[in-house]
Amino acid sequence: MLASAPPVTAEGISWNGFVQSHAAARTGDVDCPAGTECDFPAADLRGELEAKGKNAAGNAAFLGRFDLLRDFALDDARLATRELYGDLRSTMLAARLGRQVITWGVGDLLFINDTFPKDPVALFTGQPLEYFKLGSDALKLNAYPAPANLELVIAGFRPDNTPTSRRFVLADPLPAGLPRRTEEPGNHPNELEISGRVSGYLDNWELAGYASRTHYHSLARRATAGEIVGTYPRLNTLGASLTGAAGKGVLSLEVGYYDSPQDRGGRDPSVENSQLRGLVGYTRQPWDDATFGLQLYGEWMRNYSAYQETLPAGFPAKDYLRRVATFRFTQLFAHQTVTFNVFTFVGLSEKDHYVIPSLRYAFSDSLWAEIGANVFGGNRNGTFGSLQDNRNVYLTVRFAF
């Protein structure tokens, strides 16, 4: 059983935080529609305060991370709880309750068995990578019976923060003029989402199996007789991953099956067809202070003929097999105070791309600045090519205290 613990005292609490300025400027001459922030899709000033502590025995702890954000692009100010949870631990068991960031799987910016909420808006506007994952309001239970580790997550639904026309220029194939009725927070799915993971080691290889009963976290929209309605369809997943040393680098493999129980026949165009997803990745250090990584990723759609037959007019058709390659190169300079990084998505089947170059300089342990870009291009019907009117350059400056 979990060990009981005395309450955390004030003496056990530590405080830290940072102040950050971030701005992303759109590049190129783009005709933005009314209501879209055209010149600066992101411009904000953020202050984050973190408090954490534990009891003397070390078997109880808490963490709180809060952001006060002034968003100049949307003329908005808000206080956000990034994380807020408590921990209880014993030798064989652990429990964490509250808002927490959970990351599963072995992919680099490619997620198969990680069905927890994400923030593509943060990625596409150059926010620090930590903001790409959103916190889940969840109970996470861990058990460590040899030789396996078990993890169970019971979470409330939280949607992805997907791009909207307030910041991005987006193609909308749905009929113009119809009122848009999307799911408001009070109408989000009220079923608890359950995810499980079992992992262990075989020699130097880490193996993991995953299963979840959750939802698609991106809005699915359909046109009815008089309006456009948005929902979050149910999703079941089952998968596995394997990672370990291979040659002079690290090999990663991951596979997952996405089951859409609300449309297993594939005839509802507003619900993603069931899919088999997989990736293979390899990372190595070619020389000192440099890292190279390559991934190949695929999505195999089931019931593709039914999908083609029911695809509404005006919607670009997806491929039966969507293939993506990624490349990451990182190099440190000047006693590791300068970091050059480039991450590239290449749509092999959709003929598009997304390139994220960045350069960061650490002036001191407390102060750093980063410049970078989000470069979308290629086929305008592709996942990345459809965003090419949203190319931007960004600057982030952070002072930690």
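1. Surface nonpolar patch. Strands β1 (13–26) and β2 (42–54) each contribute at least two residues to a nonpolar patch. In this predicted model, the patch lies on the surface and consists of Trp15, Val19, Leu45, Leu49, Phe72, Phe399 and Phe401. Together these residues present about 740 Å² of accessible area. Phe401, one of the members of the patch, is located in the segment that follows β21 (392–400).

2. Salt bridges. The count of salt bridges comes to 27. One of them pairs the side chains of Asp67 and Arg46, with an N to O distance of 2.8 Å. This contact connects distant parts of the chain, since Asp67 belongs to strand β3 (residues 60–71) and Arg46 to strand β2, with the two positions 21 residues apart in numbering. Strand β2 thus appears twice in this note, as it also supplies at least two residues of the nonpolar patch.

3. Disulfide. The model has one disulfide. Cys32 and Cys38 are the partners, and their sulfur atoms are 2.1 Å apart. The link between Cys32 and Cys38 is right-handed, with 65° about the S-S bond. In general terms, a disulfide is a covalent bond between the sulfur atoms of two cysteines.

4. Backbone geometry. Two loop positions deserve a mention. The peptide bond from Ala146 to Pro147 is cis, and its omega is near 5°. Pro147 sits in the loop between β6 (136–143) and β7. Asp75, although not a glycine, has a positive phi of about 50°; this residue falls in the loop between β3 and β4 (76–89). For context, most residues other than glycine have a negative phi, and most peptide bonds are trans.

5. Enclosed cavity. How many cavities of 30 Å³ or more does the model contain? The count is one. The largest cavity holds about 70 Å³ of space. Its lining comprises 13 residues, and Phe116, Ser136, Ala155, Glu193 and His217 are those that lie nearest the centre. Strands β7 (148–155) and β9 (193–202) each give at least two residues to this lining. By class, the lining of the largest cavity divides into five nonpolar, six polar and two charged residues.

6. Second largest pocket. The volume of the second largest pocket is about 310 Å³. Sixteen residues line this pocket, with Leu129, Asn341, Ser358, Glu370 and Tyr394 nearest its centre. The elements that supply two or more residues to the lining are α1 (120–124), β18 (338–347) and β19 (352–362). The lining of the second largest pocket is made up of eight nonpolar, five polar and three charged residues.

7. Points to check against the displayed model. For the surface, the residues to locate are those of the nonpolar patch, including Trp15 and Phe72. For the backbone, they are the cis peptide bond from Ala146 to Pro147 and the positive phi of Asp75. For the interior space, Glu193 and His217 are among the residues nearest the centre of the largest cavity, while Glu370 and Tyr394 are among those nearest the centre of the second largest pocket.

Key. Residues are numbered from 1 along each chain as its sequence is written. This is a predicted model: local features need pLDDT of at least 70, side-chain atom pairs count only at pLDDT 80 or more; totals for chains, interfaces and linings use all residues. Side-chain values use heavy atoms; hydrogens and water are left out. On a 1 Å grid over the protein atoms alone, a cavity is a set of points where a 1.4 Å probe fits but cannot get out, and a pocket is an open set with protein on both sides within 12 Å along at least five of seven lines; lining residues have an atom within 4 Å of a point. Grid points are joined across faces, edges and corners, and a volume is the space filled by probe spheres set on the points. Helices (H or I, at least four residues) and strands (E, at least two) are DSSP runs, numbered from the N terminus. Ala, Val, Leu, Ile, Met, Phe, Trp, Tyr, Cys and Pro count as nonpolar, Asp, Glu, Lys and Arg as charged, and the others, Gly among them, as polar. Patches are made of residues with over 30% relative accessible area and no salt bridge: like charges are joined within 9 Å, nonpolar side chains (Val, Leu, Ile, Met, Phe, Trp, Tyr) within 5 Å. Accessible areas come from the Shrake-Rupley method with a 1.4 Å probe; for residues, only the protein chains shown count as cover. A salt bridge is a side-chain nitrogen of Lys or Arg within 4 Å of a carboxyl oxygen of Asp or Glu. A disulfide is a pair of cysteine sulfur atoms within 2.5 Å.
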